[in-house]
Amino acid sequence: MTMLRKSYSRLRSVFSLSCPPWLSVFLLCSAGLLSTELKCARGMQLTSTGPQTIQKAEGESVILGCTYTPSPLDTGDLDIEWSVVSPDSTQKDQMLMSYSSGTRYVHGNPALAKELSFAAPDPSMGDASISISVLSPAHSATYQCKVKKSPGVDMRKVSLVVLAKPSVPKCWVEGGELVGEALSLHCKSAKGSTPLKYTWRRESAGPIPAAATQNSVTGELKISNHSQSFAGFYLCEVNNAVGAEHCRINLKANKPPNRAAMIVGTIVGSLLLILIMLVFIGLLYWKLSNRLRFEKEFSNDIREDAPPPESRPVSRHTSRSASQHPQVTYCPVGSAEVSSLSDGHTHTPSSNSHGHTPLKYAPVEYDSKYGYAV
């Protein structure tokens, strides 16, 4: 349009000098009509003014804008196409949705298309925007809207980036919370799209002293010389382009223990342990000694109370003779002697048929020393 205006000005200046007035008027009118036709011939125009790159969190919804204005010279059928632009220029784009002759069509991957729909009830009324109800990382892509109404046609591209919000981070302290020692506060979020930024701040007792240093990438807050001035409640916040989370921790400043008291306590404890072991060993020795003495006295008592043997030990020859001959016991009865055999019969000795004098036997005496008759 600027060039046309310049040309129009030049023609007017030239013809005003060399042409008759009526010819100048004719040429000027012709140039005006020509510029009007060129303006109308521009045809279909997309009027969406939103950002070319949209960042959204996973699980949210989004509307990809595509509003249009047709030209009065566009008399053909209206066609609307939404597709995913392939990152490889040698590959075909993937068609998602289309609108033609009052009918909606779904193309391509059903997993991606099931969350897609036209934002307006009637896309033919100048709004061909689409909405995605539940975003997932699979929806991250570059989308193209193409509106055609012959002879006019126009298109627009928009990039969608689906990010995951950071999860609730975990806060912890590494190193003792003793005054004079070095320690560090740590903050870590397990999930979330990068880049993640960590920021430590103190909720009480003023800002963090300048001696502490923090790393916004790793989430670490270093304190080289801990003191009471660092004690208090600390908050760590992690955020990315689509969300933020935080955690809290209470940092204490404990006084170091008395080393002299620790040494004395260690010595006293060691002595007590040794004393307990000596007492235990003494009790064990005393118990074993009593047990051995009791067993010895008990064996002596059994040996003293043992009864004497019932019979004199005999030789092998004597035992054999005793087994072959019945045992005979003699006892005086009046002037005669009665012989008692072991078979239960009693015999009274008398003069034999040969007139021999009967034998006389001395009475049997018991010797308590040997425990049998002699």
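Which residue lies over the face of Trp172? In this predicted model, that residue is Lys170, placed at 5.9 Å from the ring centre.

Aromatic contacts were examined next. The structure holds one aromatic pair. The partners are Tyr99 and Phe118, with ring centres 6.3 Å apart. Their planes stand at 75°, and planes over 60 degrees apart count as edge-to-face. The pair is therefore edge-to-face. Distant parts of the chain are linked by this pair. Tyr99 belongs to strand E6, which spans residues 94-100. Phe118 belongs to strand E8, which spans residues 116-118. The two residues are 19 residues apart in the chain. Both partners fall under the 20% cut-off for burial. Tyr99 is buried, with a relative accessible area of 7%. Phe118 is buried as well, at 9% relative accessibility.

Strand E6 also takes part in a sheet. This sheet is open and has six strands. Their order is E2-E11-E10-E5-E6-E7, and the pairing is mixed. Strand E2 (53-57) stands at one edge and strand E7 (103-106) at the other. Each has a single partner strand, so one side of each is left without a neighbour in the sheet. On average, neighbouring strands are turned by 20° against each other, direction ignored.

Within the sheet, strands E10 and E11 run antiparallel. Strand E10 covers residues 141-149, and strand E11 covers residues 152-163. Nine bridges join the two. Across this pairing, Cys145 stands opposite Arg156 in E11.

Methods:
Residues are numbered from 1 along each chain as its sequence is written. This is a predicted model: local features need pLDDT of at least 70, side-chain atom pairs count only at pLDDT 80 or more; totals for chains, interfaces and linings use all residues. Side-chain values use heavy atoms; hydrogens and water are left out. Rings of Phe, Tyr and Trp (its six-membered ring) pair if their centres lie within 6.5 Å; planes under 30 degrees apart count as stacked, over 60 as edge-to-face and the rest as tilted. Helices (H or I, at least four residues) and strands (E, at least two) are DSSP runs, numbered from the N terminus. Buried means under 20% relative accessible area, exposed over 50%, partly exposed in between (1.4 Å probe, protein chains only). A charge sits over a ring if NZ of Lys or CZ of Arg is within 6 Å of the ring centre and within 35 degrees of the ring normal. Two strands pair if DSSP finds at least two bridges between them. Axes are lines fitted to C-alpha atoms, for helices over the stretch in contact, and angles run from 0 to 180 degrees between N-to-C directions.
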